[in-house]
Amino acid sequence: MHLDLSQGLTSPTTTLHQLFFPDTIQQNNINDLALDIDGKLWIGFQQAGVAWYQPDTHQFEHFSHSASNTRSVSSDLITRLWIDDEHQLWIGTRGAGLSKTDLNSQAFNTINQYAFFENNISDNDIRTIYRDKQNVLWIGTAQGLFIAAEDTQRNITGFSLFTHPQFDSKSFISFITQDDKQQLWIGTRGNGLYIMDIKTKEIKQYVAQPDNPLAIASNHLYSILFDDTKQAWVTTKDAGLSLFIPTIYGFKSWSHDPNLPDSLASNEISKILPAQQGGYWILTYGAGLIHMSVEGKFTQYAPNTVEQFPSKHLFNAYWIKDRLWISSSDGVFSFIPETKAVQLFNKQNGLIDNIAYLMVKDKSDQLWVGTSEGLSVLNSKDHTIRNYTDVDGLQNNEFNFGAGFVDDNNRVYLGGINGFNIITPSDLPVTPEPKMPIIDEFYLLNKLQRLQDDTRFNQSLDVSYADNIQLSYLDTLFSFRFHSNNLHQAQQIKYEYRMLGLHQQWFDDLNSHVAHFSGLSPGKYQFQVRAKNHNNQFSQIRTLEIHIMPPPWQTWWAYLLYCLFFIAIIGFFSWLQTRKYRIKVFMMEQVAKSEQRLQLALWGSGDEFWDWDIRNKTATRTNTFLQYPEHEISLMDTLQQCVHPDDLPHVINIMTSCLNLEENKFELAYRAKTPDDKWLWVLNRGQVIERNNQGKPNRITGTIKNIQSLKETEEALKLLNIELEDRVKSRTEELKLTQNELIDKEKMATLGGLVASITHEMNTPIGISVTATSHLSDRVEEFNKKYQSGDVSHEDFELYQSEVADCARLMLSNLNRATKLIQSFKKVAVDQSHEEVRDFNLKQYLDEIFVSLHPLLSRTKHQYDYQCPEDISLHSQPGVLYQIISNLLNNSIIHAYPDNKIGQLTLTVTREPNGLKIIYKDDGCGMSDEIKQKIFTPFFTTKRGQGGSGLGMNILYNLVNQVLKGKVTLSTAPEQGAIFTIELPEEIMTKQIN
């Protein structure tokens with residue numbers, strides 16, 4: 001009953017509406033009423049379930065409990081009705097709990113096998129929907145064809161199964177359409193094509209016949225098109241495309257032939273529609289889009305032929321202006337054939353899912369896209385997208401290919417696996433943005449915490465109401481649990497969160513409704529969480545301030561101490577840098593003074609310093625006194641222009657030996673040209689400073705000394721000796737024996753004059769000899785005068801003989817002294833690195849080496865021994881062997897025993913068929929492979945700063961390989977000691993003469 005109080009309480013008007021209820025429930029008591037925003041009155045019956053009643057139109061729909069329908073009300077015994085602010089109807093029952101329904105879902109008008117009390121559709125798997133020109137609504141399913149019963153408002157009231165003697169009522173219906181002759185074309189998957197005359201109800205069936213070229217290509221059909229010329233094109237699942245020829249009641253077909261490259265690219269054709277510029281567009285499942293020209297030529301558009309084309313699995317397409325809108329397994333996209341421009345809409349930019357099985361276009365050019373995850377409504381004009389799921393009222397989230405239809409009043413019919421929906425676009429509810437999430441739980445170390453019960457959190461409220469929270473630096477692992485109070489949309493809502501102060505990026509909660517954090521540094525953070533629905537609408541952000549207190553060593557007073565300490569460190573380092581700078585200035589001053597002293601020393605000695613950079617072809621000279629080319633670019637050219645022709649071959653020979661790895665040092669005496677074109681004797685001493693990888697010198701330095709005066713002194717000495725010899729011979733002819741002895745001594749002196757670098761120490765004995773000779777000459781002259789005058793007495797003659805004998809003895813002793821001096825000069829060693837090659841016994845030389853090394857070895861506790869055959873003689877440089885053996889021993893002493901262990905050092909020499917083998921080993925710590933590979937590298941050492949230079953083993957390697965022409969190998973492993981094996985060629989050994 002409706003009570004109208006518009007005229008006041010004194011004259012109310014009552015209207016009885018119960019008469020419009022079905023007879024079966026008119027007498028049932030009503031327990032509750034609720035009025036929704038659409039003006040519908042919801043009625044809760046005491047024993048008859050729930051119903052809604054529209055007072056204006058007297059429409060009535062009843063809902064009762066059904067044991068077979070899980071989505072029905074839980075009981076017919078209704079006690080209470082309530083509509084919340086989300087337009088959800090809550091239904092309280094007696095004994096069956098609480099039921100809830102979303103009133104917004106009525107806009108989707110779901111029809112399935114539970115929609116009516118009777119005459120329901122028996123198969124929910126909807127495959128096609130079509131309203132013919134007689135206003136009959138046909139529903140094709142996977143198990144038959146149904147006709148919908150409708151009222152005057154086109155509201156469905158039930159279904160009946162279509163049966164016909166010439167029609168299989170269990171057929172899988174693919175499509176239904178009507179031609180201009182009032183014939184109904186029914187395509188199936190398995191039974192071919194049916195054509196029914198609406199007037200006569202006669203049906204003709206067309207099935208595939210492999211031997212009949214005019215038969216339809218396949219019994220498994222997908223879609224149909226009547227083109228502008230009223231021709232019927234039928235697409236098939238497995239045999240390409242068929243065109244119906246009415247004059248012969250047969251078909252012309254096109255299919256894929258692997259042997260014909262110009263044939264149709266695929267046999268699975270999902271859709272065909274006319275092209276605006278002539279011909280047809282063919283959609284395939286597997287070969288993309290194909291254009292069929294009027295002449296029957298095919299052009300393929302697929303990812304493998306057009307780079308930007310998004311998919312090769314296509315379902316449906318519509319023309320909207322100049323764009324072809326296509327649904328595919330990769331989303332929905334628009335395609336402009338003239339420019340090949342593509343715009344893709346997929347899950348990343350708003351579509352509810354990528355697999356768009358179903359797509360229909362309504363009167364407003366909106367695209368209704370049914371996927372496996374729900375429904376998307378794409379506005380082709382502004383490209384906005386709205387998404388819906390079964391939670392909103394859809395029959396299911398999965399829709400079927402081809403199961404869409406738009407009525408002439410713009411009602412949209414969409415079929416899926418659980419019935420179909422009838423949607424009026426203007427009635428679709430506006431999906432509100434989600435409500436702000438609620439943070440309802442806080443966990444610390446995976447334990448639930450109540451903030452108000454623990455003072456350390458500095459919070460009197462529960463985390464659901466708190467705006468901030470204080471944590472200790474020890475609270476390293478914590479998490480928040482959150483949810484939204486959008487009860488109806490809970491399944492559609494996803495959550496994103498972030499921690500400002502840690503990162504700016506939003507993270508998906510992966511449907512866990514939990515955000516975990518660990519290891520945050522002390523500081524202030526802001527935890528934010530927001531909800532997002534399936535339309536990508538975001539809620540307001542729930543914010544929680546988090547302050548993680550620092551540990552004592554990170555507080556402000558601790559940082560103050562750090563700053564003071566840092567300032568002290570900076571002051572200390574500044575003092576060190578100042579001190580280093582002063583030391584550096586002092587050292588630079590000392591270097592400058594040393595350079596000045598060197599310049600003065602060179603100037604004082606008259607020596608010239610030279611530095612040849614062979615690689616860069618430059619020469620640097622200091623204190624020059626010889627003539628050189630204006631531009632020196634070649635060492636040999638300079639020698640040819642500056643060296644006397646007679647001395648040039650010898651000089652070039654020595655320099656060639658130096659350049660070819662034979663010598664590192666040289667000393668040459670030759671005549672060089674002065675600026676006034678004179679020849680001057682010079683002594684040139686040089687040394688190779690640097691060699692390249694091939695052993696060629698890169699740089700040579702040395703000095704040139706003026707030895708002209710020394711050479712002149714040598715010549716004068718020679719002349720003096722010759723003169724002395726002649727004078728002695730002429731004045732003492734009578735004393736033959738004495739004279740012969742003096743001649744022999746003079747020969748000895750002459751031989752001594754050939755010795756290089758005779759010093760001034762010879763002046764004394766030679767001067768005495770000259771003085772004695774002069775005195776003897778004077779006495780002879782005086783004796784001759786007395787003898788001629790006859791005044792010689794016996795005493796005078798004896799005195800004369802005595803003086804002659806004394807002079808002879810004096811001359812003899814001093815000349816013997818000069819001879820010894822010359823021999824000692826000849827035995828002086830030139831330079832240790834220029835040791836001459838000679839023959840020596842190896843065993844005896846090893847004895848001498850170990851005697852010389854005994855002081856070094858005796859300072860350690862290591863034991864050593866060596867073995868060598870007695871009969872091995874070498875023709876080589878003995879100093880090289882000394883250097884090799886001392887380097888091996890030094891290497892073991894320094895590196896092999898870091899733990900001060902007493903070691904055993906062993907040297908063994910054996911004669912081999914191809915030469916000589918020297919094996920040296922220790923029992924020290926050994927070496928890793930990395931150290932072993934670098935052991936012979938220059939400047940590599942494991943004792944940097946502890947006495948190691950990194951050159952010992954490199955020198956050993958060069959001496960063995962370059963000087964002795966042998967090879968050295970190393971066998972070692974950690975804690976296994978080291979064994980050096982040196983193999984020398986047979987040529988180094990002297991042949992034994994038996």
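Helices, including α2, are DSSP runs of H or I of at least four residues, numbered from the N terminus. With elements assigned in this way, the predicted model contains 11 helices and 58 strands. The protein comprises 994 residues, of which 43% count as buried. Among contacts between residues at least 6 apart in sequence, 52% join residues that are at least 24 apart.

Internal voids were examined next. Rolling a probe the size of a water molecule over the atoms shows where empty space is left. Four cavities of 30 Å³ or more are found in the structure, and the largest cavity has a volume of about 190 Å³. Its lining is made up of 17 residues. Nearest the centre of this cavity lie R621, L635, L639, Y670 and N684. Helix α2 provides the largest share of the lining, namely four residues. At least two lining residues are supplied by each of β47 (608-613), α2 (635-642), β49 (665-673) and β51 (697-706). In terms of residue class, the lining of the largest cavity consists of 14 nonpolar residues, two polar residues and one charged residue.

Among the strands, five form an open sheet of mixed pairing, in the order β40-β46-β45-β42-β43. Strands β40 (468-471) and β43 (507-508) are the edges of this sheet, each pairing on one side only. Strands of a sheet pair through backbone hydrogen bonds, either parallel or antiparallel. The edge strand β40 runs parallel to β46 (residues 542-548), to which four bridges join it. Within this pair of strands, Q470 has H547 of β46 as its bridge partner.

Helix α11 was considered with respect to its geometry and its surroundings. This helix covers residues 952-963, 12 residues in total. Because the expected rise is 1.5 Å a residue, α11 should span 16 Å, and the distance of 16 Å between its end C-alpha atoms agrees with that expectation. The buried residues of α11 are M953, N954, L956, L959 and V960. The elements covering these buried residues include the helix α9 (878-896) and the strands β57 (967-972) and β58 (978-985). Just after α11, the backbone at K965 adopts a positive phi of about 60°.

Definitions and conventions: Residues numbered from 1 in each chain as written. Predicted model: local features only at pLDDT ≥ 70, side-chain atom pairs only at ≥ 80, totals over all residues. Heavy atoms only, no water. Expected span 1.5 Å × (residues − 1). Buried < 20%, exposed > 50% of the residue type's maximum accessible area, 1.4 Å probe, protein only. Contact = heavy atoms within 4.5 Å. 1 Å grid on protein atoms, 1.4 Å probe; cavity = no way out; pocket = protein on both sides within 12 Å on 5 of 7 lines; lining within 4 Å. Points joined across faces, edges and corners; volume = space filled by probe spheres on them. Nonpolar A, V, L, I, M, F, W, Y, C, P; charged D, E, K, R; others polar. Pairing = 2+ DSSP bridges.
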